[in-house]
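Let's walk through this one together, moving from the overall make-up to a few local spots. Keep the viewer open as you read.

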Amino acid sequence: MKLLATCLVLVILQINRTSADLRQNKLPKATDSSEVSPTAEALRGSYSSSPLFPASFDARDHWPQCRSIGHVQDEGCCHSGYAIAPTSAMTDRSCIASNGTRNATFSAYHALSCCTNCASPEALPCSGGNPLKIWEFWVVDGIARGDCLPYTLESSCNVQGCSEKCQPGMSVTVADTIVKGGRVYKVSSNVADIQKEILEHGPVQTTIQMFDDLVAFVGSNVYKHSTGELLGQQHIKLIGWGHDDDLDQDYWIAINSFGDKWGDNGSFKIASGSDHLGVETSVIAGLPKF
């Protein structure tokens with residue numbers, strides 16, 4: 001948490017840049033001729049009123065063979081959630097689509113150091129960036145495996161240049177481990193559409209406004225912003241949903257990148273159904289290329 005506090009100044013640099021890009025909804029073309037997955041027009045409305053969705057769902061339980069779904073990273077002093085959340089979702093979706101046979105992780109560090117137009121500003125990858133461009137980078141250029149270029153920024157914000165070599169001890173090069181994605185698309189902000197996407201293909205990535213009370217949040221209660229200053233944006237992974245009977249509040253289950261001492265062992269519940277902090281506005285997903 002001390003390391004996290006040191007990068008709040010860098011976070012503020014990003015507040016307007018990423019949100020402007022996401023509002024424009026600039027989506028890349030698919031690498032194949034297929035169209036973006038259609039929205040669930042027949043499923044409009046909240047999941048609580050639809051018999052087609054379970055009242056609660058957790059991708060960690062539904063796909064136990066894909067242990068990456070519940071993995072929590074610590075971005076440290078580098079505001080790198082814009083790379084961690086997308087590469088984490090890519091990893092999960094590749095594992096799910098292959099029924100657990102492809103469980104190698106995608107390297108957030110490779111995306112940070114090699115995607116030249118993903119950061120905002122471009123020369124400062126630890127100051128934040130645009131997650132949609134990370135997804136585009138996966139489709140167009142491909143991303144290396146996590147065991148080749150592991151994330152090493154928990155205690156240092158020094159992002160090296162784009163390397164052609166894996167970490168010491170690896171007998172392969174970065175190029176040998178790069179895998180391209182199939183396509184990327186934006187998911188409708190309708191709750192039912194987001195649920196359908198998670199049920200069919202796995203976790204998705206989204207962006208929320210980040211306030212002081214999110215940084216300090218600890219526990220298993222449903223997070224709903226109530227106090228503190230706006231610090232910027234945070235990029236997270238949605239893995240499921242549920243309902244808190246005591247609060248009569250629907251929520252998303254999310255994985256953050258503040259380490260496992262934050263929230264509920266690194267995950268948290270965030271209010272759903274009202275686009276709280278923009279959680280339903282900027283949902284992005286993609287499919288692997290097999």
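**A guided walk through the fold**

L277 lies in the loop between β7 and β8, and this loop is a good place to begin. Keep in mind throughout that the model is predicted. L277 has a positive phi of about 60°, although this residue is not a glycine. Most residues other than glycine have a negative phi. Is L277 buried or exposed? With a relative accessibility of 12%, L277 counts as buried, because the cut-off for burial is under 20%.

The loop between β7 and β8 (284–288) also holds D275. Phi of D275 is near 55°, again a positive value in a residue other than glycine. D275 is partly exposed, with a relative accessible area of 30%. The loop thus offers you a buried residue, L277, and a partly exposed one, D275, each with a positive phi.

Let's step back to the whole chain. The protein has ten helices and eight strands. Of its 290 residues, 54% are buried. Among contacts with a separation of 6 or more, 74% are between residues 24 or more positions apart.

Now to the interior. Which residues touch the most other members of the largest nonpolar core? That core has 44 residues, and the ones in question are I194, I198, I208, Y223, L238, W252 and F268. You can follow I208 outward from here: leaving aside neighbours within four places in sequence, I208 is in contact with L214, G232, Q233, Q234, I236, F268, I270, L277 and V279. F268 from the core list is among these partners, and so is L277, the residue where we started. A second, separate core has 33 residues, including F106, C126, I134 and I284.

I134 takes us to a pair of helices. Helix α5 (residues 81–97) packs against helix α7 (residues 131–140) at an angle of about 45°, and their axes are 8 Å apart. That angle makes α5 oblique to α7. The crossing of α5 past α7 is right-handed. On the α5 side, the contact is made by Y82, A83, P86, T87, A89, M90 and S94, while α7 contributes P131, I134, W135 and W138. By class, this contact of α5 with α7 has nine nonpolar residues, two polar ones and no charged ones.

Just before α7 in the chain's list of elements there is a loop worth a pause. P121 sits in the loop between α6 (108–114) and α7. The peptide bond that joins S120 and P121 is cis, with omega about -5°. Most peptide bonds are trans.

Between α7 and α8 (174–177) there is another loop, and S163 is found there. S163 is partly exposed, with a relative accessible area of 29%. Not counting residues up to four places away in sequence, S163 touches C114 and V174. S163 and A175 are twelve residues apart in sequence, and their C-alpha atoms are 9.8 Å apart in space.

Next, look at helix α9 (residues 191–201), where E197 lies. Is E197 buried or exposed? At 7% relative accessibility, E197 counts as buried. Apart from its neighbours within four places in sequence, E197 is in contact with R93, Y185, V187, G202, V204 and A285.

The loop between β2 (181–186) and α9 carries S189. Here the relative accessible area is 42%, so S189 is partly exposed. Which residues does S189 touch, not counting those up to four places away in sequence? They are I194, E280 and T281. S189 and T281 are 92 residues apart in sequence, yet 5.0 Å apart in space, C-alpha to C-alpha.

One last stop is F258, in the loop between β6 (249–255) and β7 (267–271). F258 counts as buried, at 7% relative accessibility. Its C-alpha atom is separated by 7.1 Å from that of G76, and these two residues are 182 apart along the chain.

Definitions and conventions
Residues are numbered from 1 along each chain as its sequence is written. This is a predicted model: local features need pLDDT of at least 70, side-chain atom pairs count only at pLDDT 80 or more; totals for chains, interfaces and linings use all residues. Side-chain values use heavy atoms; hydrogens and water are left out. Axes are lines fitted to C-alpha atoms, for helices over the stretch in contact, and angles run from 0 to 180 degrees between N-to-C directions. Helices (H or I, at least four residues) and strands (E, at least two) are DSSP runs, numbered from the N terminus. Angles under 35 degrees count as roughly parallel, over 145 as roughly antiparallel, 65 to 115 as roughly perpendicular and the rest as oblique. A crossing is left-handed if the near helix is turned anticlockwise from the far one by less than a right angle, and right-handed if clockwise. Contact means heavy atoms within 4.5 Å. Ala, Val, Leu, Ile, Met, Phe, Trp, Tyr, Cys and Pro count as nonpolar, Asp, Glu, Lys and Arg as charged, and the others, Gly among them, as polar. A nonpolar core is a set of buried Ala, Val, Leu, Ile, Met, Phe, Trp, Tyr and Cys residues joined through side-chain atoms within 4.5 Å. Buried means under 20% relative accessible area, exposed over 50%, partly exposed in between (1.4 Å probe, protein chains only).
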